[in-house]
There are 2 protein chains.
Amino acid sequence: MILCDIGNTSVDLFMDGKRSKLSAVDFDPSIVQGDVYYISVNTLLNERVQKLTNWYDLRVFIDWDKYYPTMGIDRIMVCEAVEDGIIVDAGSAITVDMMQGGIYQGGFISLGVRAMEDAYARLSPALDMSFNFEVDLAKMAKNTPDALTVGFLAPLICKIESLEKPVYLTGGDGRLLSRFIPEAVVVEDLIFQGMKKLIEKGVKC
Amino acid sequence: MILCDIGNTSVDLFMDGKRSKLSAVDFDPSIVQGDVYYISVNTLLNERVQKLTNWYDLRVFIDWDKYYPTMGIDRIMVCEAVEDGIIVDAGSAITVDMMQGGIYQGGFISLGVRAMEDAYARLSPALDMSFNFEVDLAKMAKNTPDALTVGFLAPLICKIESLEKPVYLTGGDGRLLSRFIPEAVVVEDLIFQGMKKLIEKGVKC
(Lines give C-alpha, C1' and ligand atoms only; values in the text may rest on other atoms or scores of the structure.)
Protein backbone atom coordinates (compact mmCIF):
# COMPACT_ATOMS: atom_id res chain seq x y z
CA MET A 1 0.00 0.00 0.00
CA ILE A 2 1.29 3.42 -0.99
CA LEU A 3 0.21 6.61 0.75
CA CYS A 4 0.45 9.98 -0.96
CA ASP A 5 0.01 13.56 0.23
CA ILE A 6 -0.28 15.86 -2.79
CA GLY A 7 0.42 19.48 -2.03
CA ASN A 8 0.63 22.47 -4.33
CA THR A 9 4.42 22.40 -4.57
CA SER A 10 5.38 18.87 -3.51
CA VAL A 11 4.17 15.30 -3.54
CA ASP A 12 4.97 13.28 -0.45
CA LEU A 13 4.99 9.51 -0.99
CA PHE A 14 5.07 6.94 1.81
CA MET A 15 5.82 3.32 0.97
CA ASP A 16 7.47 0.46 2.87
CA GLY A 17 7.89 2.78 5.85
CA LYS A 18 9.92 5.21 3.76
CA ARG A 19 9.02 8.72 2.77
CA SER A 20 10.06 10.48 -0.43
CA LYS A 21 9.31 14.03 -1.41
CA LEU A 22 8.98 14.92 -5.09
CA SER A 23 8.27 18.14 -6.94
CA ALA A 24 4.57 18.50 -7.85
CA VAL A 25 5.37 20.04 -11.23
CA ASP A 26 7.41 17.06 -12.49
CA PHE A 27 5.26 14.40 -10.86
CA ASP A 28 3.66 11.81 -13.16
CA PRO A 29 1.10 9.82 -11.11
CA SER A 30 0.69 7.16 -13.86
CA ILE A 31 4.14 5.69 -13.22
CA VAL A 32 3.27 4.64 -9.66
CA GLN A 33 2.51 0.89 -9.51
CA GLY A 34 0.07 -0.58 -6.97
CA ASP A 35 -2.76 0.88 -4.93
CA VAL A 36 -2.24 4.48 -3.88
CA TYR A 37 -4.35 6.12 -1.18
CA TYR A 38 -4.03 9.88 -1.42
CA ILE A 39 -5.11 13.24 -0.16
CA SER A 40 -4.70 16.29 -2.37
CA VAL A 41 -5.07 20.05 -2.36
CA ASN A 42 -3.63 20.31 -5.86
CA THR A 43 -6.46 20.80 -8.37
CA LEU A 44 -4.27 20.18 -11.43
CA LEU A 45 -2.90 16.87 -10.17
CA ASN A 46 -6.38 15.96 -8.89
CA GLU A 47 -7.69 15.84 -12.45
CA ARG A 48 -4.91 13.48 -13.51
CA VAL A 49 -5.10 11.04 -10.59
CA GLN A 50 -8.88 10.83 -10.80
CA LYS A 51 -8.48 9.16 -14.20
CA LEU A 52 -6.25 6.43 -12.72
CA THR A 53 -7.95 3.32 -11.33
CA ASN A 54 -5.24 2.54 -8.75
CA TRP A 55 -5.50 5.95 -7.00
CA TYR A 56 -8.06 6.24 -4.14
CA ASP A 57 -9.06 9.61 -2.73
CA LEU A 58 -9.22 9.43 1.09
CA ARG A 59 -11.65 12.36 1.11
CA VAL A 60 -14.55 9.90 0.72
CA PHE A 61 -13.48 8.00 3.86
CA ILE A 62 -13.87 11.06 6.08
CA ASP A 63 -16.96 11.69 8.14
CA TRP A 64 -17.17 15.42 7.50
CA ASP A 65 -19.75 15.94 10.25
CA LYS A 66 -16.94 15.29 12.71
CA TYR A 67 -14.90 18.18 11.34
CA TYR A 68 -15.98 21.28 9.41
CA PRO A 69 -16.40 21.77 5.66
CA THR A 70 -13.56 24.26 5.09
CA MET A 71 -11.06 22.38 7.24
CA GLY A 72 -7.88 21.37 5.39
CA ILE A 73 -7.67 17.71 4.46
CA ASP A 74 -4.09 17.44 5.78
CA ARG A 75 -5.26 18.85 9.13
CA ILE A 76 -8.01 16.24 9.33
CA MET A 77 -5.49 13.47 8.60
CA VAL A 78 -3.14 14.41 11.46
CA CYS A 79 -6.18 14.56 13.76
CA GLU A 80 -7.27 11.06 12.64
CA ALA A 81 -3.90 9.76 13.88
CA VAL A 82 -4.53 10.81 17.48
CA GLU A 83 -7.16 9.46 19.89
CA ASP A 84 -6.56 11.93 22.72
CA GLY A 85 -4.31 14.96 22.64
CA ILE A 86 -3.27 18.19 21.00
CA ILE A 87 -1.94 17.99 17.46
CA VAL A 88 0.38 20.81 16.41
CA ASP A 89 1.21 20.78 12.70
CA ALA A 90 3.89 23.41 12.15
CA GLY A 91 4.18 24.22 8.47
CA SER A 92 3.47 27.44 6.55
CA ALA A 93 0.64 27.82 9.08
CA ILE A 94 0.67 26.27 12.53
CA THR A 95 -2.56 24.40 13.17
CA VAL A 96 -3.42 23.38 16.71
CA ASP A 97 -6.23 20.83 17.10
CA MET A 98 -7.70 18.86 19.96
CA MET A 99 -8.93 15.26 19.89
CA GLN A 100 -10.74 13.56 22.76
CA GLY A 101 -11.89 9.95 22.61
CA GLY A 102 -11.32 10.05 18.86
CA ILE A 103 -13.70 13.00 18.52
CA TYR A 104 -12.56 16.33 17.10
CA GLN A 105 -12.92 19.12 19.67
CA GLY A 106 -11.93 22.09 17.48
CA GLY A 107 -8.72 23.99 17.00
CA PHE A 108 -7.07 27.15 15.81
CA ILE A 109 -4.67 28.44 13.16
CA SER A 110 -1.55 30.51 13.80
CA LEU A 111 1.06 31.75 11.37
CA GLY A 112 4.08 29.56 10.66
CA VAL A 113 7.68 30.60 11.37
CA ARG A 114 8.35 32.02 7.90
CA ALA A 115 4.95 33.77 7.56
CA MET A 116 5.43 35.39 10.95
CA GLU A 117 8.97 36.61 10.16
CA ASP A 118 7.69 38.01 6.85
CA ALA A 119 4.76 39.75 8.54
CA TYR A 120 7.02 41.45 11.11
CA ALA A 121 9.35 42.59 8.30
CA ARG A 122 6.43 44.04 6.37
CA LEU A 123 5.33 46.00 9.44
CA SER A 124 8.61 47.90 9.78
CA PRO A 125 12.20 47.67 8.52
CA ALA A 126 13.18 47.80 12.21
CA LEU A 127 11.43 44.43 12.69
CA ASP A 128 13.00 42.79 9.63
CA MET A 129 15.19 40.19 11.34
CA SER A 130 15.48 36.47 12.00
CA PHE A 131 14.07 34.85 15.11
CA ASN A 132 16.41 33.83 17.89
CA PHE A 133 15.44 30.25 18.71
CA GLU A 134 17.95 30.20 21.58
CA VAL A 135 15.77 32.66 23.50
CA ASP A 136 14.33 31.84 26.93
CA LEU A 137 10.55 32.15 26.47
CA ALA A 138 10.00 32.40 30.22
CA LYS A 139 11.70 35.81 30.23
CA MET A 140 10.42 39.09 28.84
CA ALA A 141 12.77 40.25 26.08
CA LYS A 142 15.19 43.16 26.11
CA ASN A 143 16.27 43.31 22.48
CA THR A 144 14.38 43.29 19.17
CA PRO A 145 15.05 39.74 17.85
CA ASP A 146 14.15 38.28 21.25
CA ALA A 147 11.05 40.51 21.52
CA LEU A 148 9.83 39.17 18.15
CA THR A 149 10.64 35.53 18.98
CA VAL A 150 8.99 35.75 22.40
CA GLY A 151 6.03 37.59 20.80
CA PHE A 152 5.60 34.80 18.30
CA LEU A 153 6.28 31.72 20.44
CA ALA A 154 5.57 32.49 24.11
CA PRO A 155 1.82 33.14 23.58
CA LEU A 156 1.47 30.06 21.34
CA ILE A 157 3.28 27.72 23.75
CA CYS A 158 1.36 29.25 26.69
CA LYS A 159 -1.96 28.43 25.00
CA ILE A 160 -0.90 24.90 23.95
CA GLU A 161 0.28 24.07 27.48
CA SER A 162 -2.88 25.53 29.04
CA LEU A 163 -4.89 22.82 27.23
CA GLU A 164 -3.27 20.23 29.54
CA LYS A 165 -3.22 17.30 27.16
CA PRO A 166 -0.44 15.23 25.53
CA VAL A 167 1.06 17.22 22.65
CA TYR A 168 1.97 15.68 19.27
CA LEU A 169 4.19 17.82 17.05
CA THR A 170 4.50 17.35 13.31
CA GLY A 171 5.24 19.35 10.14
CA GLY A 172 8.43 20.95 8.89
CA ASP A 173 8.98 23.00 12.05
CA GLY A 174 7.68 20.40 14.51
CA ARG A 175 11.14 19.54 15.78
CA LEU A 176 12.03 23.21 16.14
CA LEU A 177 8.93 23.83 18.29
CA SER A 178 9.71 20.77 20.41
CA ARG A 179 12.59 22.71 21.97
CA PHE A 180 10.00 24.83 23.71
CA ILE A 181 7.53 22.05 24.64
CA PRO A 182 9.81 19.47 26.28
CA GLU A 183 6.97 17.05 27.06
CA ALA A 184 5.74 16.99 23.45
CA VAL A 185 6.27 13.99 21.16
CA VAL A 186 7.54 14.69 17.63
CA VAL A 187 5.90 12.39 15.06
CA GLU A 188 7.18 13.28 11.61
CA ASP A 189 4.89 10.84 9.77
CA LEU A 190 1.73 11.71 11.71
CA ILE A 191 -0.16 12.52 8.51
CA PHE A 192 0.58 9.07 7.11
CA GLN A 193 -0.36 7.44 10.43
CA GLY A 194 -3.73 9.21 10.17
CA MET A 195 -4.19 8.09 6.56
CA LYS A 196 -3.32 4.49 7.48
CA LYS A 197 -5.72 4.49 10.44
CA LEU A 198 -8.51 5.82 8.23
CA ILE A 199 -7.95 3.08 5.63
CA GLU A 200 -7.79 0.37 8.30
CA LYS A 201 -11.14 1.48 9.66
CA GLY A 202 -12.34 1.03 6.08
CA VAL A 203 -15.66 2.63 6.88
CA LYS A 204 -16.75 6.18 7.53
CA CYS A 205 -15.23 7.11 10.86
CA MET B 1 2.23 72.77 28.09
CA ILE B 2 1.61 70.96 24.82
CA LEU B 3 2.51 67.31 24.27
CA CYS B 4 3.07 65.92 20.78
CA ASP B 5 3.53 62.41 19.41
CA ILE B 6 4.84 62.61 15.83
CA GLY B 7 4.34 59.46 13.82
CA ASN B 8 5.03 58.75 10.17
CA THR B 9 1.45 59.33 9.05
CA SER B 10 -0.10 61.40 11.84
CA VAL B 11 0.71 63.99 14.49
CA ASP B 12 -1.06 63.55 17.79
CA LEU B 13 -1.32 66.77 19.87
CA PHE B 14 -2.40 66.88 23.50
CA MET B 15 -3.25 70.22 25.08
CA ASP B 16 -5.64 71.30 27.86
CA GLY B 17 -6.60 67.63 28.35
CA LYS B 18 -7.74 67.39 24.73
CA ARG B 19 -6.27 65.31 21.99
CA SER B 20 -6.23 66.17 18.28
CA LYS B 21 -4.90 64.07 15.47
CA LEU B 22 -3.51 65.77 12.36
CA SER B 23 -2.04 64.49 9.12
CA ALA B 24 1.78 64.45 9.24
CA VAL B 25 2.08 65.57 5.61
CA ASP B 26 0.16 68.84 6.13
CA PHE B 27 1.51 69.57 9.59
CA ASP B 28 3.41 72.83 10.09
CA PRO B 29 5.11 72.74 13.51
CA SER B 30 5.98 76.47 13.40
CA ILE B 31 2.35 77.53 13.90
CA VAL B 32 2.14 75.90 17.35
CA GLN B 33 2.44 78.55 20.10
CA GLY B 34 3.95 77.74 23.52
CA ASP B 35 6.29 75.04 24.75
CA VAL B 36 5.86 71.70 23.01
CA TYR B 37 7.34 68.48 24.40
CA TYR B 38 7.48 65.85 21.71
CA ILE B 39 8.51 62.37 20.68
CA SER B 40 9.00 61.58 17.02
CA VAL B 41 9.73 58.71 14.67
CA ASN B 42 9.30 60.94 11.63
CA THR B 43 12.74 61.91 10.27
CA LEU B 44 11.37 64.60 7.92
CA LEU B 45 9.41 66.42 10.63
CA ASN B 46 12.32 65.90 13.04
CA GLU B 47 14.50 68.18 10.94
CA ARG B 48 11.88 70.92 10.99
CA VAL B 49 11.04 70.84 14.72
CA GLN B 50 14.71 70.75 15.70
CA LYS B 51 15.05 74.27 14.26
CA LEU B 52 12.26 75.58 16.51
CA THR B 53 13.21 76.84 19.98
CA ASN B 54 9.84 76.02 21.61
CA TRP B 55 9.97 72.29 20.68
CA TYR B 56 11.71 69.96 23.21
CA ASP B 57 12.62 66.37 22.28
CA LEU B 58 11.74 64.02 25.16
CA ARG B 59 14.36 61.55 23.90
CA VAL B 60 16.98 63.35 25.99
CA PHE B 61 14.95 62.83 29.19
CA ILE B 62 15.05 59.05 28.88
CA ASP B 63 17.54 56.93 30.76
CA TRP B 64 18.28 54.52 27.90
CA ASP B 65 20.08 52.08 30.21
CA LYS B 66 16.66 51.24 31.64
CA TYR B 67 15.35 50.18 28.23
CA TYR B 68 17.20 48.97 25.12
CA PRO B 69 18.66 51.00 22.26
CA THR B 70 16.34 49.80 19.47
CA MET B 71 13.18 50.07 21.57
CA GLY B 72 10.52 52.36 20.07
CA ILE B 73 10.18 55.76 21.75
CA ASP B 74 6.38 55.44 21.90
CA ARG B 75 6.75 52.09 23.65
CA ILE B 76 9.07 53.64 26.23
CA MET B 77 6.58 56.45 26.87
CA VAL B 78 3.66 54.12 27.66
CA CYS B 79 5.98 52.20 30.00
CA GLU B 80 6.97 55.45 31.76
CA ALA B 81 3.28 55.97 32.62
CA VAL B 82 3.04 52.76 34.65
CA GLU B 83 4.80 51.93 37.93
CA ASP B 84 3.70 48.29 38.17
CA GLY B 85 1.88 46.31 35.56
CA ILE B 86 1.64 45.03 32.00
CA ILE B 87 1.28 47.63 29.27
CA VAL B 88 -0.38 46.44 26.08
CA ASP B 89 -0.20 48.94 23.22
CA ALA B 90 -2.38 47.61 20.42
CA GLY B 91 -1.57 49.43 17.20
CA SER B 92 -0.07 48.20 13.91
CA ALA B 93 2.01 45.98 16.21
CA ILE B 94 0.90 44.90 19.66
CA THR B 95 3.65 45.55 22.19
CA VAL B 96 3.44 43.93 25.61
CA ASP B 97 5.77 45.30 28.29
CA MET B 98 6.23 44.76 31.99
CA MET B 99 7.06 47.39 34.63
CA GLN B 100 7.87 46.62 38.25
CA GLY B 101 8.64 49.32 40.82
CA GLY B 102 9.11 51.74 37.92
CA ILE B 103 11.77 49.51 36.38
CA TYR B 104 11.39 48.04 32.90
CA GLN B 105 11.35 44.22 33.01
CA GLY B 106 11.26 43.53 29.26
CA GLY B 107 8.51 42.74 26.81
CA PHE B 108 7.56 41.29 23.48
CA ILE B 109 6.09 42.30 20.12
CA SER B 110 3.13 40.64 18.39
CA LEU B 111 1.39 41.56 15.16
CA GLY B 112 -1.53 44.00 15.28
CA VAL B 113 -5.06 43.09 14.15
CA ARG B 114 -4.65 44.35 10.59
CA ALA B 115 -1.14 42.93 10.11
CA MET B 116 -2.33 39.55 11.33
CA GLU B 117 -5.37 39.49 9.04
CA ASP B 118 -3.14 40.47 6.10
CA ALA B 119 -0.60 37.76 6.96
CA TYR B 120 -3.28 35.04 7.07
CA ALA B 121 -4.66 36.25 3.72
CA ARG B 122 -1.18 36.14 2.19
CA LEU B 123 -0.75 32.53 3.37
CA SER B 124 -3.79 31.22 1.50
CA PRO B 125 -6.93 32.58 -0.22
CA ALA B 126 -8.83 30.17 2.08
CA LEU B 127 -7.62 32.22 5.07
CA ASP B 128 -8.49 35.62 3.56
CA MET B 129 -11.32 36.67 5.88
CA SER B 130 -12.13 39.06 8.71
CA PHE B 131 -11.76 38.11 12.35
CA ASN B 132 -14.84 37.30 14.38
CA PHE B 133 -14.49 39.37 17.56
CA GLU B 134 -17.65 37.79 18.98
CA VAL B 135 -15.81 34.47 19.30
CA ASP B 136 -15.43 32.69 22.65
CA LEU B 137 -11.66 32.38 23.11
CA ALA B 138 -12.10 29.69 25.76
CA LYS B 139 -13.38 27.29 23.11
CA MET B 140 -11.47 25.61 20.31
CA ALA B 141 -12.87 26.78 16.96
CA LYS B 142 -14.91 24.81 14.44
CA ASN B 143 -14.95 27.16 11.46
CA THR B 144 -12.28 29.15 9.64
CA PRO B 145 -12.93 32.75 10.86
CA ASP B 146 -13.11 31.53 14.45
CA ALA B 147 -9.99 29.37 14.00
CA LEU B 148 -8.06 32.46 12.82
CA THR B 149 -9.42 34.72 15.56
CA VAL B 150 -8.72 32.17 18.30
CA GLY B 151 -5.27 31.52 16.74
CA PHE B 152 -4.47 35.22 16.90
CA LEU B 153 -6.01 36.19 20.24
CA ALA B 154 -6.23 33.16 22.54
CA PRO B 155 -2.42 32.64 22.72
CA LEU B 156 -1.81 36.38 23.23
CA ILE B 157 -4.40 36.74 26.00
CA CYS B 158 -3.19 33.49 27.61
CA LYS B 159 0.36 34.87 27.82
CA ILE B 160 -0.73 38.31 29.08
CA GLU B 161 -2.88 36.76 31.83
CA SER B 162 -0.12 34.33 32.83
CA LEU B 163 2.01 37.34 33.84
CA GLU B 164 -0.41 37.95 36.75
CA LYS B 165 -0.12 41.72 36.95
CA PRO B 166 -2.57 44.58 36.40
CA VAL B 167 -3.05 45.13 32.66
CA TYR B 168 -3.17 48.59 31.01
CA LEU B 169 -4.49 48.66 27.46
CA THR B 170 -3.85 51.49 25.03
CA GLY B 171 -3.53 52.13 21.28
CA GLY B 172 -6.10 52.06 18.50
CA ASP B 173 -7.25 48.51 19.26
CA GLY B 174 -6.94 48.75 23.05
CA ARG B 175 -10.67 48.89 23.60
CA LEU B 176 -11.25 45.97 21.23
CA LEU B 177 -8.78 43.80 23.17
CA SER B 178 -10.39 44.80 26.47
CA ARG B 179 -13.40 42.60 25.55
CA PHE B 180 -11.13 39.61 26.07
CA ILE B 181 -9.30 40.86 29.20
CA PRO B 182 -12.17 41.97 31.46
CA GLU B 183 -9.90 42.98 34.35
CA ALA B 184 -7.76 45.26 32.14
CA VAL B 185 -7.97 49.05 32.32
CA VAL B 186 -8.17 50.96 29.03
CA VAL B 187 -6.16 54.21 29.13
CA GLU B 188 -6.37 55.91 25.77
CA ASP B 189 -3.95 58.71 26.67
CA LEU B 190 -1.35 56.48 28.30
CA ILE B 191 1.40 57.76 26.00
CA PHE B 192 0.71 61.36 27.08
CA GLN B 193 0.55 60.32 30.74
CA GLY B 194 4.03 58.82 30.29
CA MET B 195 5.34 61.95 28.59
CA LYS B 196 3.89 64.14 31.36
CA LYS B 197 5.40 61.97 34.08
CA LEU B 198 8.80 62.13 32.41
CA ILE B 199 8.66 65.94 32.17
CA GLU B 200 7.52 66.26 35.81
CA LYS B 201 10.48 64.18 36.96
CA GLY B 202 12.55 66.73 35.04
CA VAL B 203 15.70 64.69 35.45
CA LYS B 204 16.93 61.51 33.88
CA CYS B 205 14.67 58.77 35.20
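**Exercise 1. The five-stranded sheet**

Task: In what order do the five strands of the open sheet in chain A stand, and which strands are at its edges?

Solution. Step 1: In this predicted model, the open sheet of chain A is built from five strands in the order E3-E2-E1-E4-E5, with mixed pairing.

Step 2: Look at the two ends of that order. Strand E3 (18–23) and strand E5 (55–57) of chain A each have a single partner strand, so one side of each has no neighbour in the sheet.

Step 3: Now follow the twist, which averages 25 degrees from one strand to the next.

Step 4: Zoom in on one edge. Strand E2 (residues 10–15) of chain A pairs with E3(A) in the antiparallel sense, over six bridges. Within this part of the sheet, A:Leu13 is found opposite A:Ser20 of E3(A).

Step 5: Add the helix. Helix H1 (residues 43–50) of chain A lies across strand E1 (2–6), strand E4 (36–40) and E5 of chain A. Its direction is at about 155 degrees to E4(A).

**Exercise 2. Two domains and their contact**

Task: Which residues belong to each domain of chain A, and which elements of domain 1 give two or more residues to the side that touches domain 2?

Solution. Step 1: Start from the domain assignment, which gives domain 1 as 1–81 + 190–205 and domain 2 as 82–186 of chain A.

Step 2: Place the two domains in space. Their C-alpha centres are 26 Å apart.

Step 3: Turn to the contact, where eight residues of domain 1 of chain A meet 10 residues of domain 2 of chain A. On the domain 1 side, helix H2 (73–80) and helix H6 (190–201) of chain A are the elements that give two or more residues. The largest share, three residues, is from H2(A).

Step 4: Sort the domain 1 side by class: six residues are nonpolar, none is polar and two are charged.

**Exercise 3. A pair of helices**

Task: Are H2(A) and H6(A) roughly parallel or roughly perpendicular?

Solution. Step 1: Take the axes of H2(A) and H6(A), which come within 7 Å and cross at roughly 75 degrees.

Step 2: Angles of 65 to 115 degrees count as roughly perpendicular, and so H2(A) is roughly perpendicular to H6(A).

Step 3: Find the residues that meet. From H2(A) these are A:Asp74, A:Met77, A:Val78, A:Cys79 and A:Glu80. From H6(A) they are A:Leu190, A:Ile191, A:Gly194, A:Met195, A:Lys197 and A:Leu198.

Step 4: Sort this contact by class to get seven nonpolar, one polar and three charged residues.

**Exercise 4. Around strand E9**

Task: Which strands pair with E9(A), and in what sense?

Solution. Step 1: Strand E6 (residues 85–90) of chain A pairs with E9(A) in the parallel sense over four bridges. In this pairing, A:Ile86 has A:Val167 of E9(A) as its bridge partner.

Step 2: Strand E10 (residues 185–186) of chain A also pairs with E9(A) in the parallel sense, here over two bridges. A:Tyr168 has A:Val185 of E10(A) as its bridge partner.

Step 3: Check the side chains of E9(A). A:Val167 and A:Leu169 point one way, A:Tyr168 and A:Thr170 point the other way, and all are buried.

**Exercise 5. A positive phi**

Task: Where does A:Glu164 lie, and is this residue buried or exposed?

Solution. Step 1: A:Glu164 is in the loop between H4 and strand E9 (167–170) of chain A.

Step 2: Note the backbone angle. Phi of A:Glu164 is near 50 degrees, which is positive although the residue is not a glycine. Most residues other than glycine have a negative phi.

Step 3: Count neighbours. A:Glu164 has 8 C-beta neighbours inside 10 Å and therefore counts as exposed.

Step 4: Repeat for chain B. B:Glu164 lies in the loop between helix H4 (144–162) and strand E9 (167–170) of chain B, with a positive phi of about 50 degrees. B:Glu164 counts as exposed because it has 8 C-beta neighbours inside 10 Å.

**Exercise 6. Where the chains meet**

Task: How many residues of chain A are in contact with chain B, and which element of chain A gives the most?

Solution. Step 1: The contact involves 33 residues of chain A and 33 residues of chain B.

Step 2: On the chain A side, the elements that give two or more residues are strand E7 (93–100), strand E8 (103–111), helix H3 (113–123) and helix H4 (144–162). H4(A) gives the most, with 11 residues.

Step 3: By class, the chain A side has 20 nonpolar, 10 polar and three charged residues.

Definitions and conventions
Residues are numbered from 1 along each chain as its sequence is written. Chains are lettered from A and ligands numbered from 1 in the order in which they are written. This is a predicted model: local features need pLDDT of at least 70, side-chain atom pairs count only at pLDDT 80 or more; totals for chains, interfaces and linings use all residues. Two residues are in contact if their C-beta atoms, placed from the backbone, lie within 7 Å. Ala, Val, Leu, Ile, Met, Phe, Trp, Tyr, Cys and Pro count as nonpolar, Asp, Glu, Lys and Arg as charged, and the others, Gly among them, as polar. Two strands pair if DSSP finds at least two bridges between them. Axes are lines fitted to C-alpha atoms, for helices over the stretch in contact, and angles run from 0 to 180 degrees between N-to-C directions. Domain bounds come from an automatic or database domain assignment. A residue is buried if 20 or more other C-beta atoms lie within 10 Å of its own, exposed if 12 or fewer, and partly exposed in between; C-beta atoms are placed from the backbone. Angles under 35 degrees count as roughly parallel, over 145 as roughly antiparallel, 65 to 115 as roughly perpendicular and the rest as oblique.
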